[in-house]
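Let's practise asking how a label is earned. Have the sequence and the 3D view ready, and follow each answer from value to conclusion.

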Amino acid sequence: MAKDSKVLDLNSSYSYLLWCRDFAATSAVARDEHGEPMGFITGYVRPDSPHTLLVWQVAVDEAHRGRGLAATLLDGLVARTVAERGVTTVETTITPGNTASERLFTSFAERHGARLEREVLFDTGLFPDGPHDAEVLYRIGPLPH
């Protein structure tokens, strides 16, 4: 799904396996009635900011897009981490022009009555492996409990 999204950075299969093992509590997978994955969201609680959930990737299979699945996954994951870990803030990074992600996180902030701040986290010149768009940090919070 990450590859098919055409906007997410790709990780090795090994990194996804490690992610599923080490960050299962801060990630989620949506499956259809046959158990096939329809979408996923990966995240982690920032070690130096234990009340902040960093959302790493959100992907929905092309056949299931446009039905609100990404928003449902995000709402469910944030609700769980608020309840279990006391999360008060959500962060993610989005490259300029990724309108689906911009809309997802902007509407999340609006739905939850939370402030949304944006700032460039990593400028294009910081990426040593070739051209890469800037990564804009979206910080949403405080979240209602």
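Q: What makes T81 count as buried?
A: Its relative accessibility is 0%. Buried means under 20%, so T81 earns the label. Keep in mind that this is a predicted model.

Q: Where is T81, and what does its side chain reach?
A: T81 sits in helix α3, which runs over residues 69–85. From there, its side chain reaches the backbone oxygen of V78 at 3.1 Å. A polar contact needs a pair of N or O atoms within 3.5 Å, and 3.1 Å is the distance here.

Q: Why is N98 called buried?
A: N98 has a relative accessibility of 11%. The cut-off for buried is under 20%, so N98 is buried. You can find N98 in the loop between β4 (89–94) and α4 (99–111).

Q: Which backbone atom lies 3.2 Å from a polar atom of the side chain of N98?
A: That is the backbone nitrogen of S101. The limit for a polar contact is within 3.5 Å, and the pair has a distance of 3.2 Å.

Q: How do you know whether A100 is buried or exposed?
A: Look at its relative accessibility, which is 56%. Exposed means over 50%, so A100 is exposed. A100 is found in helix α4, and its C-alpha atom is separated by 17 Å from that of A134, 34 residues apart along the chain.

Q: How does the reach of α4 fit what is expected?
A: The helix has 13 residues and spans 18 Å from its first C-alpha to its last. At 1.5 Å a residue, 18 Å is expected, and the reach is close to that.

Q: What puts the buried residues of α4 on the same side?
A: In this helix, S101, L104, F105, F108 and A109 are buried. They cover an arc of only 125° around the axis, so they lie on the same side of α4. On the other side of α4, A100, R103 and E110 are exposed.

Q: Why do R21 and D22 make a salt bridge?
A: Their side chains meet at 2.6 Å, N to O. A salt bridge asks for a side-chain nitrogen of Lys or Arg within 4 Å of a carboxyl oxygen of Asp or Glu, so this pair meets the rule. In general, side chains of opposite charge can pair when their charged atoms come close.

Q: Which label does each partner, R21 and D22, get for accessibility?
A: R21 is exposed, because 61% is over 50%. D22 is partly exposed, because 43% falls between the limits of 20% and 50%.

Q: What does the salt bridge between R139 and E119 tie together?
A: The side chains of R139 and E119 meet at 3.5 Å, N to O. R139 lies in strand β6 and E119 in strand β5, so the pair ties together parts that are 20 residues apart in sequence. R139, at 28% relative accessibility, counts as partly exposed, and E119, at 41%, counts as partly exposed too.

Q: Which residues are linked in a network of salt bridges?
A: The network links R46, D48, E91, R115, E117, E119 and R139. One of its pairs is E117 and R115, whose side chains meet at 3.1 Å, N to O. In total, the structure holds eight salt bridges.

Q: Why is L121 called partly exposed?
A: Its relative accessibility is 35%. That lies between 20% and 50%, so L121 is partly exposed. L121 belongs to strand β5 (residues 116–122), and with F122 and L126 it makes a nonpolar surface patch of about 280 Å².

Q: What makes V120 partly exposed?
A: V120 has a relative accessibility of 49%. Exposed would need over 50%, so V120 counts as partly exposed. V120 is also in strand β5, and its C-alpha is 41 Å from that of H34, with the two positions 86 residues apart in sequence numbering.

Q: How do you know that the peptide bond from G141 to P142 is cis?
A: Its omega is near 0°. Most peptide bonds are trans. P142 is in the segment after β6 (135–140).

Definitions and conventions: Residues numbered from 1 in each chain as written. Predicted model: local features only at pLDDT ≥ 70, side-chain atom pairs only at ≥ 80, totals over all residues. Heavy atoms only, no water. Helix = DSSP H or I, 4+ residues; strand = E, 2+ residues; numbered from the N terminus. Buried < 20%, exposed > 50% of the residue type's maximum accessible area, 1.4 Å probe, protein only. Polar contact = N/O pair within 3.5 Å; in protein donor to acceptor, adjacent residues only side chain to side chain. Patch = residues over 30% accessible without salt bridge, like charges linked within 9 Å, V, L, I, M, F, W, Y side chains within 5 Å. Areas by Shrake-Rupley, 256 points an atom, 1.4 Å probe, with all protein chains shown as cover. Expected span 1.5 Å × (residues − 1). Arc of directions from axis to C-beta.
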